[in-house]
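Trainee: Could you take me through the pockets of this model slowly and in some detail? I would like to follow how each one is lined, and what lies around the ligand.

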Amino acid sequence: MGTMADASEVDAYFETTLGIGDPLLDRARERARAGGLPDIAVSPLQGAFLALLVRLTGARRVLEVGTLGGYSGTVMARALPDDGALVTLEVDPHHAEVARAVFDEAGVAGKVDVVVGRAADTLPGLEGPFDLVFIDADKPSNPAYVRAAVDLSRAGTVIVVDNVVRGGAVADPGDTSPAVTGSREVTELIAAEPRLEATALQTVGAKGWDGFLLARVVG
Ligand code: SAH
Ligand code: DHB
Ligand code: MG
């Protein structure tokens, strides 16, 4: 037996073998990098997972909190039907501008509404229901975002929260940083909310050790 491959090599193996990713998505990542945005978009395999969720749920209306350069948004918008819509919330006007260019280039701009502002301020103005919500912005606000997502949901809406594991920090009582506290608080909130059934899915890969909370609105 040879040396064990690392998690990034395994990501590369599945991306190549499953044919995940394409020149347009590569360009989206490149545009974000060239625009000076942080390299924290979902990985290609995670993006394909979000696209599958759009299809599995039959979503027509998707809400994203945290646009960045539009990588996850492009992936989800492409998986939507022609008359589907993605509303994506972004506080940073430069991020929003890069994302709009990416949505244009990917041919999904007609399905995407980029709303610029603090999500805490823009969420109350949105009209539900959404079929799928992807929460991926400032982590301390995750409890508030899940509460808002439930208010904008119908029975069956799926809510995904990114980055709740953070290298295991969520289960380390010594880590009381705001992002990690946000992960614990959102987990406790979901547990206490009878309208949500949920699990957590840990991930390893190109982005290290992290994971998602996955919840479904029961009624
Ligand atoms: N979903 C993206 C990555 C998002 S990174 C992808 O996978 O491609 C997190 C984004 O949330 C950043 O662009 C950041 O500017 C934005 N953000 C941070 N705080 C926010 C807030 N209060 N309201 C809205 N967006 C916020
Ligand atoms: C960070 C944010 C993310 O949404 C992510 O997926 C990875 C890292 C961060 O702020 O470091
Ligand atoms: Mg994230």
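Mentor: In this predicted model, α3 gives the most to the lining of the second largest pocket, contributing three residues. That pocket has a volume of about 160 Å³, and of the 13 residues that line it, those closest to its centre are Ser43, Leu45, Gln46, Thr203 and Val204. If you look for elements that give two or more residues to this lining, you will find α3, which covers 44–57, and β6, which covers 196–203. Sorted by character, the lining of the second largest pocket holds six nonpolar, five polar and two charged residues.

Let us now turn to the other pocket. Rolling a probe the size of a water molecule over the atoms shows where empty space is left. The largest pocket has a volume of about 650 Å³, and among the 38 residues lining it, Ile40, Gly66, Leu68, Asp136 and Ala137 are the closest to its centre. Two or more residues of this lining come from each of α2 (23–34), α4, β2 and α6 (119–122), and the largest share, five residues, belongs to α2. By character, the lining of the largest pocket divides into 16 nonpolar, nine polar and 13 charged residues.

This brings us to the ligand, since the space that ligand 1 takes is the largest pocket. In the shell around ligand 1, the elements that supply two or more residues are α4, spanning 71–79, and β2, spanning 85–90. Altogether 21 residues surround ligand 1, and the closest of them are Gly66, Ser72, Glu90, His95 and Asp136. Gly66 and Asp136 are therefore names to remember, because they are listed among the residues closest to the centre of the largest pocket and also among those closest to ligand 1. The shell as a whole is made up of eleven nonpolar, five polar and five charged residues.

Finally, consider where the backbone meets the ligand. At valine 42, a backbone N or O atom lies 2.9 Å from an oxygen atom of ligand 1, while at valine 91 a backbone N or O atom lies 3.2 Å from a nitrogen atom of the ligand. At alanine 119, a polar backbone atom is 2.9 Å from a nitrogen atom of ligand 1. Taken alone, ligand 1 exposes 580 Å², and the protein buries 89% of that.

Notes:
Residues numbered from 1 in each chain as written. Chains lettered and ligands numbered in written order. Predicted model: local features only at pLDDT ≥ 70, side-chain atom pairs only at ≥ 80, totals over all residues. Heavy atoms only, no water. Near = heavy atom within 4 Å. Polar contact = N/O pair within 3.5 Å; in protein donor to acceptor, adjacent residues only side chain to side chain. Areas by Shrake-Rupley, 256 points an atom, 1.4 Å probe, with all protein chains shown as cover. 1 Å grid on protein atoms, 1.4 Å probe; cavity = no way out; pocket = protein on both sides within 12 Å on 5 of 7 lines; lining within 4 Å. Sits in = over half its atoms within 2 Å of the grid points. Helix = DSSP H or I, 4+ residues; strand = E, 2+ residues; numbered from the N terminus. Nonpolar A, V, L, I, M, F, W, Y, C, P; charged D, E, K, R; others polar. Points joined across faces, edges and corners; volume = space filled by probe spheres on them.
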